[in-house]
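Welcome! Let us take a friendly walk through this protein together, one part after another. Have a look at the sequence and the model before reading on.

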Amino acid sequence: MSYLRSFTAAGESASATVVVFPPAGAGCLRLHSIASTSPADVDLVGIQLPGREDRLGEPLVNSLSEVVASVSGELRDTARRRPMAFLGISLGATIAYEVASTLEADAAAPGALVVVAARSPEHWELFPSADPPPAELTPLLPPISGDPEFARYVLTTLRADLRLMAGYRAPSAPLTSTWLRSVSGCRDSVVTAAQMSGWRDRSADFRGHRVIDADHHQLSERAVLMGLVSDIAVEAVPCRVVRG
């Protein structure tokens, strides 16, 4: 099944595409809630890994290279036809970065990558991804109450996504055709601005770091996502023709 989910009606008539890579353990269907507020000429796309939401019946994937190859393959033609920008949240930022690197090598680079609440890639080289201890897992879990079965599902998916990073080695060369900006929350105790500082070396065109009023999990919520998607759409494609 496809890794891509489109949430807007722009389709082939879109002047640009914004692709959202969700955090570890999460799916992308929450983007339904912001689709109506997205710019009318922008195709809003989410990345959906197996084993969650509408892919719940599929086996969890166990290879980062498989995810990157599949997503890159699905985005390549569109990236060559019109401007594209990536928004990656937490672990999704590193997956987005790897996809951007792959597409750059294929002359299909996205124009922009905004990474949100995400430690820089070198962090994953030391993270115990194969078997994260509870002290590492607990802060990454979203607020869960009253449903033990759902809690088990979220924990299982989170562990599986983190295992994708086992043995990870960050690319030695920075992005050259994709500008990059990092965003953190001033109340985020899971990922701090200092832990994101390595992103400045991951693109030849680093556009700085922005701090917004949010904690780690609020950076994935509707109000914040609306602003982030709108900002990246306007900035990555400044010559868009706005309809309506």
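The model you see is a predicted one, and helix 4 is a good place to begin. Helix 4 covers residues 148-163, which makes 16 residues, and at 1.5 Å a residue those should span 22 Å. The C-alpha atoms at its two ends are 23 Å apart, so the model agrees with that expectation.

Which residues of helix 4 are buried? They are V154, T157, L158, A160, D161 and L162. If you follow these buried residues to their partners, you will find that they pack against helix 2 (91-105) and helix 3 (134-137).

Now step back to take in the protein chain as a whole. The chain has 5 helices and 7 strands. Reading from the N terminus on, the elements come in the order β-β-β-α-β-α-β-α-α-β-β-α.

How do the overall dimensions look? Along its principal axes, the C-alpha trace of the protein chain spans about 50 × 40 × 35 Å. A compact globule of 244 residues would have a radius of gyration near 18 Å; the protein chain has 17 Å, so the two agree. Of the 244 residues, 51% count as buried. Sequence separation adds to the picture: among contacts between residues at least 6 apart in sequence, 83% join residues at least 24 apart.

On the outside, the accessible surface of the protein chain comes to about 10,600 Å², and 54% of that belongs to carbon and sulfur atoms. As for charge, there are 22 positive and 27 negative side chains, and the centres of these two sets lie 2 Å apart.

With the whole chain in mind, we can visit a few single residues. Two of them, V68 and T78, sit in helix 1, which runs over residues 64-81. V68 has a relative accessibility of 7%, so it counts as buried. Leaving out residues up to four places away in sequence, V68 touches E98, V99 and T102. Take T102 as an example: V68 and T102 are 34 residues apart in sequence, and their C-alpha atoms are 7.8 Å apart in space.

Is T78 buried or exposed? T78 is buried, because its relative accessible area is 16% and the cut-off for buried is under 20%. Beyond its neighbours within four places in sequence, T78 is in contact with T17 and M84.

Next comes A26, which you can find in the loop between strand 2 (16-21) and strand 3 (42-47). A26 is buried too, with a relative accessible area of 14%. Apart from neighbours within four places in sequence, A26 is in contact with R52 and D161. That second partner takes us back to where we started, since D161 is one of the buried residues of helix 4. A26 and Q48, for their part, are 22 residues apart in sequence and 8.6 Å apart in space, C-alpha to C-alpha.

Our last stop is S220, in the loop between strand 7 (206-212) and helix 5 (222-236). With 8% relative accessibility, S220 counts as buried. Which residues does S220 touch, not counting those up to four places away in sequence? Its partners are P23, R30, I89 and L225.

Note on methods:
Residues numbered from 1 in each chain as written. Predicted model: local features only at pLDDT ≥ 70, side-chain atom pairs only at ≥ 80, totals over all residues. Heavy atoms only, no water. Helix = DSSP H or I, 4+ residues; strand = E, 2+ residues; numbered from the N terminus. Expected span 1.5 Å × (residues − 1). Buried < 20%, exposed > 50% of the residue type's maximum accessible area, 1.4 Å probe, protein only. Contact = heavy atoms within 4.5 Å. Rg over C-alpha atoms; globule rule 2.2 N^0.38 Å. Areas by Shrake-Rupley, 256 points an atom, 1.4 Å probe, with all protein chains shown as cover. Lys, Arg positive; Asp, Glu negative; His and termini not counted. Charge placed at Lys NZ, Arg CZ, Asp CG, Glu CD.
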